[in-house]
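Let's go through this one together, one "how do you know?" at a time. Have a look first, then we'll talk.

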Amino acid sequence: MTGPDRGARGLIKAGVMGWPVDHSRSPSLHGFWLKTYGIDGTYDRLPVRPEGLAAALRSLAEQGYAGFNLTVPHKEAAMMIVDELSPEARRIGAVNTIFVTPEGRLKATNTDAYGFITNLKISAPRFKPKLGPAIVLGAGGAARAICVALEDAGVPEICIINRTKERAELLARDLGISAVVAPWTDRALRLKDAGLLVNTTSLGMKGQAPLEIDLHHLPPEATVTDIVYAPLETPLLAAARVRGNPVVDGLGMLLYQAQPGFEGWFGKRPEVTPALRDHVLAAG
Ligand code: ATR
């Protein structure tokens with residue numbers, strides 16, 4: 001991706017669009033990096049209604065933005081508006097990061113798969129894709145990116161298990177991956193021989209029901225990870241930790257997915273550190 005010409009632009013501007021966007025942790029995350037690296041930049045929070053997305057994206061270049069992040073509900077709709085889609089965005093079927101080129105074109109990508117796999121490799125160094133099948137619970141937007149990441153990492157089999165089975169089948173077909181789809185009621189049995197268990201559903205999130213799953217069949221060396229990060233230790237991760245399985249919380253995916261955007265806009269590869277984690281958690 002083409003980075004901004006920092007010398008010519010002076011203050012570098014980026015931000016996040018969503019509706020609503022109040023809950024986004026991206027401003028605290030990018031704000032921390034801007035301060036840490038002493039970069040003359042801003043990262044704005046922009047509430048944009050779905051019907052205003054095209055106009056908002058089209059005005060980015062004129063307003064001098066280097067780029068933007070997109071969150072719910074804009075990730076899919078933006079695909080039709082931007083000028084260029086990366087192969088990742090095309091495969092995942094959603095956009096989360098946009099770069100404005102010096103010519104004012106909008107180049108879009110999706111860094112969620114990168115964020116997921118980078119976090120997994122760094123936070124669970126013993127995880128080996130070849131260890132066994134990956135069990136993915138859920139079939140929403142997050143599951144799409146995670147399945148792409150797992151396919152690219154070379155897991156021998158992806159098993160998608162969703163409450164609404166048809167949605168899991170659609171996801172596998174859509175992504176063109178040779179995934180196995182199993183019914184929600186089989187989720188405990190499917191853990192036998194698994195090398196990885198990923199929760200991509202909203203179950204376990206503060207205010208939601210916990211994810212009910214018996215981990216009895218899960219091999220002790222299988223890694224367990226959750227995309228939910230509020231709370232940081234979900235009931236699933238707590239149960240896995242007690243059994244001795246390696247566990248990876250969901251905050252890391254959020255932090256790592258932000259790296260490519262920051263680097264493209266502000267010209268500095270930022271580091272994910274314990275101080276960053278603490279800062280983003282404290283920002284609530
Ligand atoms: P996102 O795009 O952020 O992943 P989503 O598309 O709303 O969010 O997906 C939420 C996931 O959580 C879905 O897989 C959903 O299952 P359905 O496809 O059957 O709706 C899953 N989910 C939400 N509440 C659930 C519940 N009570 N039990 C089981 N799965 C649930």
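Q: What makes up the shell around the ligand, by class?
A: There are four nonpolar, seven polar and two charged residues. Ala, Val, Leu, Ile, Met, Phe, Trp, Tyr, Cys and Pro count as nonpolar, Asp, Glu, Lys and Arg as charged, and the others, Gly among them, as polar. Before we go on: this is a predicted model, where local features need pLDDT of at least 70, side-chain atom pairs count only at pLDDT 80 or more, and totals for chains, interfaces and linings use all residues. Residues are numbered from 1 along each chain as its sequence is written, and side-chain values use heavy atoms, with hydrogens and water left out.

Q: Which residues come nearest to the ligand?
A: Of the 13 residues around the ligand, those are G141, N162, R163, T164 and R167. "Near" has a cut-off here: one heavy atom of the residue lies within 4 Å of the molecule.

Q: Why is the pair between G141 and the ligand called a polar contact?
A: A polar contact is a pair of N or O atoms within 3.5 Å (within protein, one must be able to donate a hydrogen and the other to accept it, and residues adjacent in sequence count only if both atoms are side-chain atoms). A polar backbone atom of G141 is 2.7 Å from a ligand oxygen, so the pair qualifies. A backbone N or O of A139 also lies 3.0 Å from a ligand oxygen, and for A142 the value is 3.3 Å.

Q: How do you know that β2 is an edge strand?
A: Look at the open sheet ordered β2-β1-β3-β5-β6-β4, which has mixed pairing. Both β2 (41-47) and β4 (84-85) pair on one side only, as edge strands do. Strands are DSSP runs (E, at least two residues; helices are H or I, at least four), numbered from the N terminus.

Q: What makes β1 and β2 a pair?
A: Two strands pair if DSSP finds at least two bridges between them. β1 (residues 12-18) and β2 have seven bridges, in the parallel sense, so they count as a pair. K13 has T42 in β2 as its bridge partner.

Q: What makes the bond from V72 to P73 stand out?
A: Most peptide bonds are trans. The one from V72 to P73 is cis, with omega near 5 degrees, and P73 sits in the loop between β3 (67-70) and β4. Another cis bond joins A230 and P231, with omega about 10 degrees.
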